[in-house]
Amino acid sequence: MSKVLNGREDVAPDTRALVEELLRRHAYVSPTARRSAGTGIIVELIVHGEFGAYSTQVVEGVVHACEEAGASVVVSQLGDDRLPAGTPEAWARRLAGSGRAGVIVVTGALTSAHIDALALTGVPLVVLDPMSLPRVEVTSVGSTNFAGGLAVTQHLLSLGHRRIGYVGGPPGSGCNQARLHGYRAALENAGIPADPALVHNEHFRYDAGLRAGSRLLDLPDRPTAVVGGSDTIALGVVEAARLQGLRVPSDLSVTGFDDTELARMASPPLTVVRQPLREMGRVALKTVLQMAAGETLDSHHVELATELVVRSTTAPPER
């Protein structure tokens, strides 16, 4: 296809005709044409789920990187369980026809059909902090989730905790699975069997943390610490403890994941695994522009380092 796009002559007439027909059918718009359409470089940023503290920091990173690159960003939102309206082909044609230089999707997973349709139009795609990827070759930007889950659980173990719960996001989420595996690896390295009764996976939301936290604290042998798969989950667990008359961290240590402003504003401030959310947005924007310009990427999967930040919600167990 690249030979036809670049006007090369060493292409058989029948092959050229077939490729050109496919390009017309899928409304292919070359990067050069998109950049010269009179609207400059425009990137589509699609956020799955609510515009919370997490997505706001990611969007800030993309927007600031756009300003530095002289590009513009159009932000759209989809519900947690929604896919773009219409058929995948119609969706991809709309994006290509509107002159988008590239597409960044935050956390949400597109189907293989959406990815194929977008690829046929020539519009590059980057998935940021993906919950799951239908194909490994999709370009993505994330963080070292396994290392984060490992480090925060090791921190709790170093304080003397031995009965540690985990409350995470969707069971099928890739980032959640990595954090959970890090948690389990830390327990295994310490010679502590993982107890399935202490693990709950539902969603990266406050209400999920509240529900799971209540169930954990109702156990006859409740945990003395809980690893939260997000800041919002952790805050839900903290509220569950408050409702049962427990003090954080005296009666229960709780940790989050992300280090949004919610973690710093909480009372007490959350111990967390920090994801460099703004930097992840910046790298995603830089990557999609490189792809739009036809540049070769050093890697199709970028993981930025996480960091343990100890604040006021973790302490040695009192019992």
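How many aromatic pairs does a search of the whole structure find? The answer is one, and we will visit that pair shortly. Keep in mind as you go that this is a predicted model.

**The whole chain**

Start with the cartoon view. The secondary structure comes to twelve helices and twelve strands. Now colour by burial: of the 319 residues in the chain, 50% are buried. If you switch on the surface, its accessible area comes to about 14,200 Å², with 54% belonging to carbon and sulfur atoms. Contacts are worth a look too: among those with a separation of 6 or more, 74% are between residues 24 or more positions apart.

**The aromatic pair**

Next, select Tyr 166 and Tyr 183. Their rings form a tilted pair, 5.4 Å centre to centre with 40° between the planes. Tyr 166 belongs to strand 6 (residues 164-168) and Tyr 183 to helix 8 (residues 174-189), so the pair ties together parts that are 17 residues apart in sequence. Tyr 166 counts as buried because its relative accessibility is 1%; Tyr 183, at 0%, counts as buried as well.

**A charge over a ring**

Now pick Arg 179 and Phe 257. Here Arg 179 lies over the face of Phe 257, 3.9 Å from the ring centre.

**Helix 5**

For the last stop, select residues 88-97, which make up helix 5. Show the side chains of its buried residues: Pro 88, Ala 90, Trp 91, Ala 92, Leu 95 and Ala 96. What do these buried residues pack against? Add strand 1 (42-48), strand 3 (100-106) and helix 6 (112-121) to your selection, and you have the partners. Finally, step to Gly 99, which follows helix 5 and has a positive phi, near 80°.

Notes:
Residues numbered from 1 in each chain as written. Predicted model: local features only at pLDDT ≥ 70, side-chain atom pairs only at ≥ 80, totals over all residues. Heavy atoms only, no water. Phe/Tyr/Trp six-rings, centres within 6.5 Å; stacked < 30°, edge-to-face > 60°. Helix = DSSP H or I, 4+ residues; strand = E, 2+ residues; numbered from the N terminus. Buried < 20%, exposed > 50% of the residue type's maximum accessible area, 1.4 Å probe, protein only. Lys NZ or Arg CZ within 6 Å of the ring centre and 35° of its normal. Contact = heavy atoms within 4.5 Å. Areas by Shrake-Rupley, 256 points an atom, 1.4 Å probe, with all protein chains shown as cover.
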